Amino acid sequence: MDSNFNNKNEPWKFSLDIDDSDLQLTPVVRSSTSNPVRIIPGPAGLVQRAKLLKDNVFILDPDGALMSTQEYMQKVVEDVGEDADFNSGAWVSATNYVNAFGGTVTGCLGDIDNLLKKGKLEQVVAIVKSCSPNALGDLNVTLKDLSGTVPGTINYKVLDVGGYGKDITVGAAMILANVSVFTPKPSKHYLNITKRNVVEVFRKDTVLGSGSG
């Protein structure tokens with residue numbers, strides 16, 4: 001084969017994963033300044049791809065086509081497979097909302113130690129897995145994103161003044177910004193969510209294409 005052809009196509013390569021049952025092409029990404037990066041299967045791969053997109057690293061799909069950010073976001077639901085949380089109307093609507101404003105949904109709750117900046121997480125997009133009021137009128141919650149789960153407290157003003165009291169239930173999707181993280185001991189984190197952190201909430205019964213109401 002012509003060596004010039006190989007050189008021209010050097011950035012667009014695939015790695016072949018072989019097991020006992022079948023052959024599967026796994027996307028490999030390259031940039032002009034880095035070595036090939038193998039995409040991890042499943043939700044962890046979503047986080048990996050999102051971070052690469054944020055760093056402007058090109059990503060190829062299994063058919064060899066260059067994926068745009070829009071195409072990546074359209075594959076989010078498909079790629080997370082059987083996890084019902086990430087196939088819900090609330091989650092997909094939250095993902096589309098972030099994408100519409102030029103952002104990318106990444107998982108951070110499972111990697112807080114590395115992503116924390118001055119005691120805060122820049123962006124959290126997560127599903128409410130549990131919630132219950134406490135004695136102070138706040139809401140104790142467990143949030144889940146593509147990388148993991150973490151407990152937290154939502155200030156009562158979010159529910160009352162913010163008007164989200166009926167929206168934040170199990171199954172709702174929340175988009176949060178600059179969330180403070182309380183760490184009483186290493187690797188033990190809690191989110192402290194206030195009214196100013198809430199960007200948008202999508203109710204558990206959200207139909208695709210609708211807002212939070």
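**Figure 1. Asp 167 and Arg 203 meet side chain to side chain in a salt bridge.** In this predicted model, the N to O distance of the pair is 3.7 Å. The two partners come from distant parts of the chain, 36 residues apart. Asp 167 sits in the loop between α7 (156–159) and β7 (173–185), while Arg 203 belongs to the segment after β9 (198–202). Take a look at how each partner is covered: Asp 167 is buried, with a relative accessible area of 11%, whereas Arg 203 is partly exposed at 27% relative accessibility.

**Figure 2. Arg 203 also forms a salt bridge with Asp 205.** Here we stay with Arg 203 and turn to another partner, Asp 205. The closest N and O atoms of Arg 203 and Asp 205 are 3.7 Å apart. Arg 203, the partly exposed residue of the previous view, thus has a salt bridge to Asp 167 and one to Asp 205.

**Figure 3. Lys 129 pairs with Asp 85 in a salt bridge.** The closest N and O atoms of these two residues lie 3.0 Å apart. Lys 129 is in strand β4 (residues 120–133) and Asp 85 is in the loop between α4 (76–79) and α5 (89–100), so their salt bridge ties together parts that are 44 residues apart in sequence. Which of the two is buried and which partly exposed? Asp 85 counts as buried, at 16% relative accessibility, and Lys 129 is partly exposed, with a relative accessible area of 36%.

**Figure 4. Lys 144 joins Asp 85 and Lys 129 in a network of salt bridges.** This view widens the previous one to take in Lys 144, which is linked with Asp 85 and Lys 129 in the network. As a general reminder, side chains of opposite charge can pair when their charged atoms come close. The structure holds four salt bridges.

**Figure 5. The setting for these close-ups is a protein with seven helices and nine strands.** Of its 213 residues, 39% are buried, Asp 85 and Asp 167 among them. Among contacts with a separation of 6 or more, 54% come from residues 24 or more positions apart. The accessible surface of the protein is about 12000 Å², and carbon and sulfur atoms account for 51% of that area.

Notes:
Residues are numbered from 1 along each chain as its sequence is written. This is a predicted model: local features need pLDDT of at least 70, side-chain atom pairs count only at pLDDT 80 or more; totals for chains, interfaces and linings use all residues. Side-chain values use heavy atoms; hydrogens and water are left out. Helices (H or I, at least four residues) and strands (E, at least two) are DSSP runs, numbered from the N terminus. Buried means under 20% relative accessible area, exposed over 50%, partly exposed in between (1.4 Å probe, protein chains only). Contact means heavy atoms within 4.5 Å. Accessible areas come from the Shrake-Rupley method with a 1.4 Å probe; for residues, only the protein chains shown count as cover.
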